[in-house]
Amino acid sequence: MLDVKNCKKCGKIFNYTGDTPICQNCKAADDADFKRVKEYLYDHSGASIFQVSKELEISVQRIKAYLREGRLEIVGDDGNMILECERCGKSIKSGRFCAECSKNVVSDIKSAVNKMSGSLTKENDTTAKRGSGMKYLHKDDK
Ligand SMILES: [Zn+2]
Ligand SMILES: [Zn+2]
């Protein structure tokens, strides 16, 4: 069974095999880049993400995507500043948040939900008040 798709990256038509939505060429290039980043980090374990990007001519977003996908993990000691926690900016090895923040993110979501339900009831009050005000404005406009 053949399934033909347009490559998400280069737009070329290719035989879709059911895994990645990119063509063989782009997949090979992506894998090659990934390998280069990995090898570079083995040799330069203190390298920053910007250094890697500059040296290998791979975009910072791309390298970060490898890290966030968990495909790449920073090796060596915590001298590596390649990825920052999205919340506090602390350097982390993989994922999106540091250990502390991933704990806090959960409680953040909870309090955000609490706040939301709190403001929802408040909003209902103001909408009710605004409703009568709007009538007034309408009259004034005409
Ligand atoms: Zn392609
Ligand atoms: Zn953090």
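This passage describes the confidence, the two zinc sites and the helix packing of a predicted model.

It helps to begin with how far the model can be trusted. The mean pLDDT of the protein is 77, with 75% of the residues at 70 or more. Among the elements, strand β2 (residues 13–16) has the highest mean pLDDT, 90, while the lowest, 67, belongs to helix α4 (residues 99–141). Where pLDDT is low, the predicted coordinates should not be read in detail. That caution is worth keeping in mind for helix α4, given its mean of 67.

Turning to the metals, the zinc ion (ligand 1) is held by the SG atoms of Cys 7, Cys 10, Cys 23 and Cys 26, at 2.2 to 2.3 Å. The angles among these four donor atoms run from 104 to 114°, and the site is tetrahedral. Along the sequence, the donor residues follow the spacing C-x2-C-x12-C-x2-C. Distant parts of the chain are linked here: Cys 7 lies in the loop between β1 (3–6) and β2, and Cys 26 lies in helix α1, 19 residues apart. Both Cys 7 and Cys 26 are buried.

The zinc ion (ligand 2) is likewise coordinated by cysteine sulfurs, namely the SG atoms of Cys 85, Cys 88, Cys 98 and Cys 101, at distances of 2.3 to 2.4 Å. This site is tetrahedral too, with angles of 100 to 118° among its four donor atoms. The donor residues of ligand 2 are spaced C-x2-C-x9-C-x2-C in sequence. Of these donors, Cys 98 and Cys 101 are buried.

Strand β2 spans residues 13–16, and aromatic side chains come into view here. The structure holds two aromatic pairs. In one of them, Phe 14 and Tyr 16 have ring centres 6.3 Å apart and planes at 85°, so this pair is edge-to-face. Phe 14 has a relative accessibility of 10% and therefore counts as buried, the limit being 20%.

The helices α2 and α3 can be read side by side. In α2, the buried residues are Ile 49, Val 52, Ser 53 and Leu 56. These residues lie on the same side of α2, because they cover an arc of only 100° around the axis. An α-helix has 3.6 residues a turn, so residues three or four places apart point the same way. Phe 50, Lys 54 and Glu 55, on the other side of α2, are exposed. The buried residues of α2 pack against α1 and α3.

Just after α2 comes Glu 57, with a positive phi of about 55°, although this residue is not a glycine. Glu 57 sits in the loop between α2 and α3. With a relative accessible area of 74%, Glu 57 is exposed.

Helix α3 (residues 60–68) has Val 60, Ile 63, Lys 64, Tyr 66 and Leu 67 as its buried residues. Their arc around the axis is only 155°, which puts them on the same side of α3. The partners against which these buried residues pack are α1 (24–43), α2 (49–56) and β3 (83–84). After α3 comes Gly 70, with a positive phi near 80°.

Notes: Residues numbered from 1 in each chain as written. Chains lettered and ligands numbered in written order. Heavy atoms only, no water. pLDDT = per-residue confidence, 0-100. Helix = DSSP H or I, 4+ residues; strand = E, 2+ residues; numbered from the N terminus. Donors = N, O, S within 2.8 Å, 3.2 Å for Na, K, Ca; no water. Tetrahedral: all angles 85-135°; square planar, octahedral: opposite > 155°, others 65-115°. Buried < 20%, exposed > 50% of the residue type's maximum accessible area, 1.4 Å probe, protein only. Arc of directions from axis to C-beta. Contact = heavy atoms within 4.5 Å. Phe/Tyr/Trp six-rings, centres within 6.5 Å; stacked < 30°, edge-to-face > 60°.
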